[in-house]
Amino acid sequence: MKRALELARKGEGLTRPNPPVGAVVVKNGCIIGSGYHRKAGGDHAEIIALKQAGRRARGAQLYVTLEPCSSYGRTPPCVHAIVKSGIASVIIAAIDPNPRHQGRGIGMLKKAGIEVIEGMCRAEGQKLIAPFKKWILTGKPYVSLKMAMSFDGKTADCRGCSRWITGKKARAFVHDLRRRADAVLVGAGTVLADNPSLLPRPANGRKTFRIIMDARGRLPPGAEIFRGPEACRTIVATTAACPVRRRRAWTRSGAQAWILPAREGRISPALLMKKCGKAGFIHILCEGGSEAASSLIRAGIVDEYYFFLAPFIMGGNIALPAVGGKGWPLGRGPRLRFEECRPLGNDILIRAKPIKEDRSQ
């Protein structure tokens, strides 16, 4: 199952609107087939693994990270292929979170006389499908917020310079985060300050979107996000306050402009996430800046935090804090639970999740 989970991770960022899935066929203690879901419309992980195993699959065990599908979509149900292969038992990490399919595949396997074992590596399986689970249950994407900061919590110096706060290993990890997400989200200030591409390098087959919140239309049409063939994967979320000529300049490059209702002159993160969900985005990685981070946190839509802490002090009253906005009174701010803390080169990675009770207002 650990191997199946490793394989599934290779498909993150490639499969939307499907979840990443890995599968391994084992017989007499040896792996005879393995695979992972590589793209929507292509063979599912179980089918790839069974094809590799061929006739040897009869009497074997199938380890799969997610309950096999039981309905027709772009491909036939995996359950039918499993039954036909002669697999003796199926070991599953996570149950399908889709209420329409949940447990149905397991029931069909059992009815066919196949032994089913549920919950092996359950926590890892649930973590793998967390973005898909949120999207399928709420229609909204899973939101990861990444912030790189100095030891005293600053993301840019008094001149607005932020390259580079963290070292090579931390930056490589961020590119991996980008590959796992469907879109990278930032505020207009980040683009104006750094002119980033926001694309994962190397892409490894990913076609990551860029989403920029720009309520007033400040983004110049010559920005890096509007250049090259990847410009068609740029979305600017704006409002009616953005001049029409600016929107036309963006779209001439192939980019999209989403016009959203303004909330006190700003983009509503809640409305933006609703729009992203309808567009089929399952996982959004927000890379700031401080005002964008503040708006997402205050809206209560961040599902996971990635803090990268660099071993130096920025100092000063002008340097940008990691989280901007009005702030919260002591004891009233959002509370987090640390999930992971480890070194990345000379930096420290802290992964955290919000504690459910909302004390942010």
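A cavity here is a set of grid points where a 1.4 Å probe fits but cannot get out. With that in mind, open the structure, which is a predicted model, and begin the tour inside the protein.

**Stop 1: the cavity**

The count comes to one cavity of 30 Å³ or more, and the largest cavity has a volume of about 120 Å³. To find the place in the viewer, select Gly13, Pro20, Pro131, Arg180 and Ile282, which lie nearest the centre of the largest cavity among the 15 residues that line it. Colouring the lining by class would show seven nonpolar, four polar and four charged residues.

**Stop 2: two cis peptide bonds**

Select Arg16 and Pro17 next, and look along the backbone between them, where a cis peptide bond joins the two residues with an omega of about 5°. Pro17 belongs to the loop between α1 (2-9) and β1 (22-27). Then move to Arg201 and Pro202, which are also joined by a cis peptide bond, here with an omega of about -10°; Pro202 lies in the loop between α8 (188-194) and β9.

**Stop 3: the aromatic rings**

From Pro202, follow the chain into strand β9 (residues 209-213), where Phe209 is found, and select Phe281 together with it, in the loop between α10 (269-278) and β14 (283-286). How are the rings of Phe209 and Phe281 arranged, and how far apart are their centres? The centres are 5.1 Å apart and the planes stand at 65°, which is over the 60 degrees required, so the pair is edge-to-face. The two residues are 72 residues apart, and their pair therefore links distant parts of the chain. Both partners are buried, Phe209 with a relative accessible area of 14% and Phe281 with one of 2%.

The whole structure holds six aromatic pairs. For another place to look, select Phe173, Tyr306 and Phe308, which ring pairs link into a cluster. A ring with a different kind of partner can be seen at Trp258, where the charged end of Lys275 sits over the ring, 5.3 Å from its centre.

**Stop 4: the cysteines**

Select the cysteines now, and show their sulfur atoms. How many disulfides does a search of the whole structure find? The search finds zero. Cys78 is in no disulfide, although the sulfur of Cys69, the nearest cysteine sulfur, is 3.6 Å away; a disulfide would require the two sulfur atoms to be within 2.5 Å. Cys78 is also buried, with a relative accessible area of 1%.

At Cys242 the closest cysteine sulfur, in Cys276, is 17 Å away, which is too far for a bond. Cys242 is likewise counted as buried, at 2% relative accessibility.

Cys121 deserves a separate selection for its backbone, since this residue has a positive phi of about 55° although it is not a glycine. Its place is in the loop between β5 and α5 (122-128).

**Stop 5: a second positive phi**

Glu264 also has a positive phi of about 55° without being a glycine. Look for Glu264 in the loop between β12 (262-263) and β13 (266-267). Is Glu264 buried or exposed? At 83% relative accessibility it counts as exposed, because the threshold for that class is over 50%.

**Stop 6: pairs separated in sequence**

The last selections are pairs of residues, each best viewed with the C-alpha atoms shown. Begin with Trp164, in the loop between β7 (154-156) and α7 (168-180), which counts as exposed at 56% relative accessibility. Trp164 and Ala310 are 146 residues apart in sequence, while their C-alpha atoms are 10.0 Å apart in space.

Next select Ile297, which is part of helix α11 (residues 290-299) and is buried, with a relative accessible area of 9%. The C-alpha atom of Ile297 is separated by 9.4 Å from that of Pro354, a residue 57 residues away along the chain.

Finish at Ala112, found in the loop between α4 (104-111) and β5 (115-118), where a relative accessibility of 41% makes the residue partly exposed. Its partner for this view is Val79, 33 residues apart from Ala112 along the chain, with 9.8 Å between the two C-alpha atoms.

Note on methods. Residues are numbered from 1 along each chain as its sequence is written. This is a predicted model: local features need pLDDT of at least 70, side-chain atom pairs count only at pLDDT 80 or more; totals for chains, interfaces and linings use all residues. Side-chain values use heavy atoms; hydrogens and water are left out. Buried means under 20% relative accessible area, exposed over 50%, partly exposed in between (1.4 Å probe, protein chains only). Rings of Phe, Tyr and Trp (its six-membered ring) pair if their centres lie within 6.5 Å; planes under 30 degrees apart count as stacked, over 60 as edge-to-face and the rest as tilted. Helices (H or I, at least four residues) and strands (E, at least two) are DSSP runs, numbered from the N terminus. A charge sits over a ring if NZ of Lys or CZ of Arg is within 6 Å of the ring centre and within 35 degrees of the ring normal. On a 1 Å grid over the protein atoms alone, a cavity is a set of points where a 1.4 Å probe fits but cannot get out, and a pocket is an open set with protein on both sides within 12 Å along at least five of seven lines; lining residues have an atom within 4 Å of a point. Grid points are joined across faces, edges and corners, and a volume is the space filled by probe spheres set on the points. Ala, Val, Leu, Ile, Met, Phe, Trp, Tyr, Cys and Pro count as nonpolar, Asp, Glu, Lys and Arg as charged, and the others, Gly among them, as polar.
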